[in-house]
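Thanks for coming. I will put the structure up now and then talk through a few parts of it.

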Number of protein chains: 2
Amino acid sequence: MPTKTADAGSAPISRRVHEAYGSLPDGERRIADVLLGNPGELAMLTATELAAAAGVSNATVSRFFRRLGYESFEQAKRQARRLRETGSPLYTGSATPASKRISDLLQSEVTVLESTLTRLNPVTLREIVEAMATAPRIRTLGYRNSHFLAQYVTAQLGQIRRAVSPLLLPGQTQAEGIALMDKGDLAVVIGLRRRPAGFTSVVQEISRRGARILLITDKTIREAPAHATWTIDCQVETAQYSDAYSGALAVLRLLAVETRRALGEAGQTYLEEVEALRERLQELE
Amino acid sequence: MPTKTADAGSAPISRRVHEAYGSLPDGERRIADVLLGNPGELAMLTATELAAAAGVSNATVSRFFRRLGYESFEQAKRQARRLRETGSPLYTGSATPASKRISDLLQSEVTVLESTLTRLNPVTLREIVEAMATAPRIRTLGYRNSHFLAQYVTAQLGQIRRAVSPLLLPGQTQAEGIALMDKGDLAVVIGLRRRPAGFTSVVQEISRRGARILLITDKTIREAPAHATWTIDCQVETAQYSDAYSGALAVLRLLAVETRRALGEAGQTYLEEVEALRERLQELE
DNA sequence: ACAATAGTGAAAAACTATTTTCACATCCAA
DNA sequence: TTGGATGTGAAAATAGTTTTTCACTATTGT
């Protein structure tokens, strides 16, 4: 009879897998690989599907979970699901208040991510990416809650291509910043809720200068999209009192990743150039 | 055409529920309510669990999904799961390259979120939240990739309590900023990878001033945690070339949400005060 | 080379979940 | 009130999943 790991009681699946990994036989290690590569999937897979994914038999899956100290596959699956459980009356069970709130927050972040990213239209995305890759200049703008996102996208795109900068530089008036936009330039405007008064007219002004506009917003916006070339709608609302920006952040990362792909070798080269320069300056620790 | 159910085809569960909602009998409407309140849950629940959650019998659940146009509960569940399953060898389906990359990115973001948040220790969390609620002053710091996160946390905490500000103000040298730290103050230092040279010594200097330090990092860091009061380890690495910050962002949001809870009425009041001021200034559109 | 040990998949057995059936309750129109 | 239509849960029937068994293979130590 195989010894049970004493305190395996409530250790998360990932820890158990990591601990056992070294002593796992071939087939079971393949299962471990699938699991580590797709954490969270376990909550949804059946043993047979997991077996198919790992290229082993369902019998092996069954043995694998016993070796990890679970009573059965079913028990492991339930534990994995508990992670995702929400405020539903279903499992008013055992979690401590604090860790319950952690998993509630996790849940809300995942929901925001999913509903933002699945709403994305691949065709629009393609157009935007092309604009990002080819626009002579990219200027970014975001007020208040959106400002940090504008900074993020500036930094990310700045690593990929040249001529990316904030629309408003410190010490510059709004009018001056807008006046510097040219026809063909791309403005990435982030306007999540709690937009300042006059936001719409800023967007309108930029569009009047002939620049193309990518507007990142949420559903609370009304008029601004009329002036934008593309609008991406992010979900930000959550059950907690504060908005979640991971959806918007993920959209921006997606744009950066795709733009880099579009630039291909060119982008790669620029990136390497910057990297080499950094090395020389010993900028990083 | 090999596809069977032509009519309801592939409409997402949420749409089908909304469309049918009006004409749903009592019991089935209760199921609809559970589903709408916990989108994404369907992928993980069994029909019997869903029945228990809605307070109806499993027979009703079975009928409900047929009414919605699915062949069976099982088919609906599979459709819900398809949304989530991604880069795994399971999903060899016919996604376009672009939407495949969107779901890959979604997958990586969710992974980062999960592994960052599940690693969190509720006890440490509690200590940090208490410090955030009670410290006389909070100063934030983040370089490069981490800078936008520092801005985020500054803005969030600033909505909850007083005396929250960046450690480095424009036009100030690093030494000046650090010199202003007092004993008892809390420094929120974000140091995700690509830290500038000298990062460790900055942390050390702050700690020497007697301030408590919350360090938000990733696993690539080595020495700095020795000087920090608390360290939170975020996952940032992904399959794509760029790091994902949603994990760190979620941690920061969690801290803000919990701090607000800790402050209770006090926090509420400050928030309302700011809100009222804004109203008067007509700052928002 | 040969046991002994450990790992594996196929298939049978045990188990669990879903769908169907059926009897009964409720609502509404005649 | 009656009769029909509709909705419901309990339980039987069915469908599906997991665990166990067993025969076989590969590896390791003697």
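Helix α6 of chain A and helix α7 of chain B are roughly perpendicular to each other, a label that covers angles of 65 to 115 degrees, with under 35 counting as roughly parallel, over 145 as roughly antiparallel and the rest as oblique. Their axes cross at roughly 90 degrees and come within 9 Å; α6(A) covers residues 97-118 and α7(B) residues 122-134. Axes here are lines fitted to C-alpha atoms, for helices over the stretch in contact, and angles run from 0 to 180 degrees between N-to-C directions. Helices (H or I, at least four residues) and strands (E, at least two) are DSSP runs, numbered from the N terminus.

Which residues meet there? On the α6(A) side they are Ala98(A), Ser99(A) and Ile102(A), and on the α7(B) side Pro122(B), Leu125(B) and Arg126(B). Contact means C-beta atoms, placed from the backbone, within 7 Å. By class, this contact has four nonpolar residues, one polar and one charged. Nonpolar covers Ala, Val, Leu, Ile, Met, Phe, Trp, Tyr, Cys and Pro; charged covers Asp, Glu, Lys and Arg; the others, Gly among them, are polar.

This is a predicted model, where local features need pLDDT of at least 70, side-chain atom pairs count only at pLDDT 80 or more, and totals for chains, interfaces and linings use all residues. Residues are numbered from 1 along each chain as its sequence is written, while chains are lettered from A and ligands numbered from 1 in the order in which they are written.

pLDDT is the predictor's confidence in each residue, from 0 to 100. Chain A has a mean of 83, with 82% of its residues at 70 or more. Over residues 1-9 of chain A, pLDDT stays under 50, and residues 86-95 of that chain also stay under 50.

Next, the sheet in chain B. Five strands form an open sheet in the order β2-β1-β3-β4-β5, with parallel pairing. Pairing requires at least two DSSP bridges between two strands. At the edges are β2 (164-166) and β5 (230-233), each paired on one side only. Four bridges join β4(B), residues 212-217, to β5(B). Leu214(B) has Trp230(B) as its bridge partner in β5(B). Helix α7(B) packs on this sheet, touching β1, β3, β4 and β5 of chain B.

Last, the DNA. Strand C is surrounded by 17 residues, the closest being Gly27(A), Ala47(B), Ala59(B), Ser72(B) and Phe73(B). Near means that the C-beta atom, placed from the backbone, lies within 6 Å. This surface has six nonpolar, eight polar and three charged residues.

Terms used: Two residues are in contact if their C-beta atoms, placed from the backbone, lie within 7 Å.
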